[in-house]
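Visitor: Could you take me through one part of this chain up close, and then show me how that part sits in the whole? I work in computational chemistry, so please give me the cut-offs as you go.

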Amino acid sequence: MFEACGMLLDETPLFDPSLLQELDWSSSVVSFSPSISPLNPGDSLVLRPLHLADLDRGLYKVLSQLTVAGDVTKEQFRANFEHMKKTGDYYVIVVEDTNVGQIVATAMLIIEHKFIHGCAKRGRVEEVVVSDVCRGKQLGKLLVAVLTLLSKKLQCYKITLECAQKNVEFYKKLGYTPSDETYMQCRFFE
């Protein structure tokens, strides 16, 4: 446990780690060369659920390589973490380099509860990012494959993601297909 600014950050996982260990890899369309898996993502690397203590392990340093991550206090992080844990619909996974105690990759699965499709669930992949020091080690591919299988295990009727045009081919190799739907947005803040 870590004591920081009067708050105790601990190793509490966002969700039950056994969910990751119970994934059915026989249904995955993704192959890895050289071979890696959630249980063996690479030398000194561990794939696991997000922990409260990951704030101090460089989580925001990695997220800032994707987009503007902002300045977040420990109190804000803890409150958001507790909200996500309580709802049970957020699955943030990280890859930690245990040699340096730093997060080197992360991705999020959000479960949406729908009224359509018989009140089905839809999975949505967000915030997939691998630190520039670990790119080329298939970690992005591993993160997406894990979240795809996790959404299937959680009985989602589909899983979606948004990506830049330059990343379409990457996601096609992971079993995703472009949709006829057009992504639109109305931003309130940058």
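Guide: Gladly; here is a close look at Val46 and the loop before its strand, followed by the whole chain. This is a predicted model, in which local features need pLDDT of at least 70 and side-chain atom pairs count only at pLDDT 80 or more, while totals for chains, interfaces and linings use all residues. Residues are numbered from 1 along each chain as its sequence is written, and side-chain values use heavy atoms, with hydrogens and water left out.

Let us start with Val46. Val46 belongs to strand β3, residues 45-49; strands here are DSSP runs of E with at least two residues, helices are runs of H or I with at least four, and both are numbered from the N terminus. Val46 counts as partly exposed because its relative accessibility is 33%; buried means under 20% relative accessible area, exposed over 50%, and partly exposed in between, with a 1.4 Å probe and protein chains only. Setting aside neighbours within four places in sequence, Val46 is in contact with Pro41, Val94, Val95, Glu96 and Thr98, where contact means heavy atoms within 4.5 Å. Lys74 is 28 residues from Val46 along the chain, and their C-alpha atoms are separated by 24 Å.

Now step back into the loop between α1 and β3. Ser44 is placed in that loop, and its phi is near 60°, a positive value in a residue other than glycine. With 23% relative accessibility, Ser44 also counts as partly exposed. Pro34 sits in the loop between α1 (18-21) and β3 too, and a cis peptide bond with omega of about 0° joins Ser33 to Pro34.

Positive phi turns up in a helix as well. His117, in helix α4 (residues 116-119), has a phi near 55°, again in a residue other than glycine. His117 is exposed, as its relative accessible area is 54%.

Pro34 also begins an annotated span: an unreviewed UniProt entry gives "domain: N-acetyltransferase" for residues 34-190. UniProt positions follow the numbering used here, feature names are shortened, and annotations may be inferred rather than shown by experiment. In the model, residues 34-190 are 27% helix and 26% strand, and their end C-alpha atoms lie 39 Å apart.

Finally, the whole chain. Its secondary structure comes to six helices and seven strands, in the order β-β-α-β-α-α-β-β-α-β-α-β-α from the N terminus. The radius of gyration is 17 Å, which agrees with the value near 16 Å for a compact globule of 190 residues; this radius is taken over C-alpha atoms, and the globule rule is 2.2 Å times the number of residues to the power 0.38. Along the principal axes, the C-alpha atoms fill a box of roughly 50 × 40 × 30 Å. Of the 190 residues, 43% count as buried. Among contacts between residues at least 6 apart in sequence, 69% join residues at least 24 apart.
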